[in-house]
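Student: I have a structure to read and would like to work through it step by step. Where do we start?

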Amino acid sequence: MITSSAPPADEHDHLRRKFLVETYRMMLLIRYFEEQVRSLSQGGLVPGLVHLCAGQEATNAGTCMHLRKDDYIASHHRGHGHCLAKGARPHLLMAEILGRQTGYCGGRSGSMHIFDRENGNLGTNGIVGGGIPLAAGAALSAKARGTEQIAVAYFGDGALNQGLVPECMNMAAIWSLPVVFVCENNGFGEFTATEDVTAGQSLLSRGQVYDIPSVEVDGMDVLAVSAAFVEARDRARRGGGPSFLLCNTYRFGGHHAGDRQDYKSEEDARLWRDRDPIPKLAMHLKAAEIASPAVLQDIEASVEEEIQAAVQFAKASPAPESLDLRVQLHG
Amino acid sequence: MAETSISTYRSAIIDALAEEMRNDAGVFLMGEDIGKAGGVFKQTEGLFIEFGAERVIDTPISEPGAFGMAVGAAMTGMRPVFEVMFGDFMTLIMDQLVNQAAKVAYMSNGQFTVPLVVRTTMGTGSSLGPQHSQSLYAWACHVPGLKVAVPSTPADAKGLYKSAIRDANPVLIFEDRMLYGLKGPVAVGETSLVPLGQAVVARGGRDLTVVAVGRMVQHALKAAERLSEDGIEIEVVDPRTLLPLDVETIACSVRRTNRALVVDGGAQQYGAGAEIAQSINEAAFDWLDAPVMRLCAENIPVPISRTLEPLVQPDESRIVAKVKELLVGHRWPDREDDSP
Ligand SMILES: Cc1ncc(C[n+]2csc(CCOP(=O)(O)OP(=O)(O)O)c2C)c(N)n1
């Protein structure tokens, strides 16, 4: 088990500091974004269910932000954070979540099926585990085309029990594909605790049996996630094949925005809340004199403003026209 | 006249794959036993030697994951041709086919497309039993976003493959194993292309239209010769593509012959035969002198026994009998009480 918080070796110190501030900004952006989605959902403005990722910002930002724009990700139902950290524009994302014509997919796909081609996002996915082969296939394609792009497959601990995980890990290993498997282990699949439905001493062994370099990471510590991810990314980029990251994290909210969470222990929830990755990073930034309290306050204010603007944009956006119903049935 | 040569159905497909792989570096093959082994039915023979392991990829026996990877590759600039060894195993790739591949263009509002071909084998006649002999194309036809082709001749096999590989959408092609050895003229290069969504009149006739799917076209053509000896001339229409279905060509034929029989080797219940028959009703009802009839596979699993298996799918004799029945027996019942 590696839980190093050492800075990525290949980043210059100044750049690293700047990057850490950007990471903080991104994590805050995701948190504020999700808060707004929650309140819009409670106000009845969001069609369908939304699955919020508040609490998991360190695994979102600590991985996605280390990718090139043309690298690929395939995300899942709890994927807003991945979209944002990979470069999605908050107002277009918000508009899609509200089902508006201006959204990433013209309002037809909503929270669970967001595609962003420009940023290499192969979609959040409504099928648990469904995105895993898409990312592995993108890695196969990148390798065949010789582009040095890599791909990241995100999935939850629930998806770890889908056959797609071992299948794709096996193929990624035998073909040495540039893909990183990132499991965001938040302890629950919907309302069922991981330990009730998952056998085996170690979840990490799921990667190890294929001789895939596998690391368990504190998913509430963005520095730890970053360090492990950068190592995996670099290995993939230089042709070293796949990696598996098991990031232990927690979703502060329920399974979806309306979930009352009776199945969670209050004590556990409090302990995890105390480990909130955002104040944790803020403390580090201050202690290491990377950012002053005033700078952090400015960031908060500007993120708040950006998210408010996104909400206004989305609310003011028109609904799709009936003419759009059949468009793009075929590509 | 386009230049043609005689080829088997099998080698027509291999030629199509090879030509498209030479044309476009993005085209590659994935499947079980298709590489070094050359395919369990020799249906990829020679391709591994020409194109190597990177472009003729032997996958592990992991249909869902491997097919899903083909979808991901298609979304990111490649044109995979994925082989499902037996059509029965379509069930294993259903999630990635139905919920991912078929919907990506729509869900992403055109940001991504999935230019991908699924090839698979099907049909009775090999004594392979209930889990290796089904003709499950109707399942795929139920899914918006897919295209489905069922070639019945070497020329169509080649031409449809070439079009499918160039199409921006997921296309499934079902090959009847009993056709692999069938010989026929096949055009070379670009002249061999057959557009998706275009039916063809395989044989002209005046008395009745038989719309036949896949290998059933071959049975229908033989039946036509026998019927011709009795002075009955049937027209045989081959849809070639089931999705999209060329209803107009089929209906045009029925408007001339005024009677229709649909022959389908797939299951009758909720099947392709029902869809074609009802399309005829909607497009040519006023021209019909008799109800549109279906002759489909029996609604049972395909037994392995050499005496039982041949009873499952329609054949030449059953087509002959059904045509005769339809021509003499099945007229509209006389309505005695037309008045209110
Ligand atoms: C194949 C499939 N089965 C079931 C569901 C319903 N479902 C949606 S989310 C979910 C739980 C997923 O848990 P996990 O992968 O751990 O992700 P988390 O929600 O914890 O982020 C389930 C069962 C689904 N969408 N897809």
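Tutor: With a term. A polar contact is a pair of N or O atoms within 3.5 Å; within protein, one must be able to donate a hydrogen and the other to accept it. Keep in mind that this is a predicted model.

Student: How many residue pairs are in polar contact between domain 1 and domain 2 of chain B?

Tutor: There are 14 such pairs between domain 1 and domain 2 of chain B, counting residues that are both at pLDDT 80 or more. The division of chain B puts domain 1 at 4-192 and domain 2 at 200-328.

Student: How many salt bridges are there between these two domains of chain B?

Tutor: The count is two salt bridges. A side-chain nitrogen of Lys or Arg has to lie within 4 Å of a carboxyl oxygen of Asp or Glu. B:Asp156 and B:Arg240 meet in this way through their side chains, at 3.0 Å, N to O.

Student: Which elements of domain 1 of chain B give two or more residues to the side that touches domain 2?

Tutor: They are α6 (137-141), β6 (147-149) and α7 (154-166) of chain B. The largest share of that side, four residues, comes from α6(B).

Student: What area is buried between the two domains of chain B?

Tutor: About 2000 Å² is buried between domain 1 and domain 2 of chain B, and carbon and sulfur atoms give 56% of it. On the domain 1 side, the residues that lose the most area to domain 2 are B:Thr124, B:Ser127 and B:Tyr137, together 26% of what that side buries.

Student: Now the sheet. In what order do its five strands in chain B lie?

Tutor: First the general idea: strands of a sheet pair through backbone hydrogen bonds, either parallel or antiparallel. Here the order is β9-β11-β10-β13-β14 in chain B, an open sheet with mixed pairing. Its edge strands, β9 (200-203) and β14 (293-297) of chain B, each pair on one side only. On average, neighbouring strands of this sheet are turned by 25 degrees against each other, direction ignored.

Student: How many bridges join β13 of chain B to β14(B)?

Tutor: Five bridges join them, and β13 (residues 260-267) of chain B runs parallel to β14(B). B:Asp264 has B:Cys296 in β14(B) opposite.

Student: Which strands of chain B does helix α10 touch?

Tutor: Helix α10 (residues 272-284) of chain B packs on the sheet and touches β10, β13 and β14 of chain B. Its direction makes about 160 degrees with that of β13(B). Helix α8 (residues 215-229) of chain B lies across β9, β10 (208-212), β11 (234-238) and β13 of chain B, and runs at about 170 degrees to β11(B).

How values were computed
Residues numbered from 1 in each chain as written. Chains lettered and ligands numbered in written order. Predicted model: local features only at pLDDT ≥ 70, side-chain atom pairs only at ≥ 80, totals over all residues. Heavy atoms only, no water. Pairing = 2+ DSSP bridges. Axes fitted to C-alpha atoms, helices over the stretch in contact; angles between N-to-C directions. Contact = heavy atoms within 4.5 Å. Domains from an automatic or database assignment. Buried area = accessible area lost by both parts, 1.4 Å probe. Polar contact = N/O pair within 3.5 Å; in protein donor to acceptor, adjacent residues only side chain to side chain.
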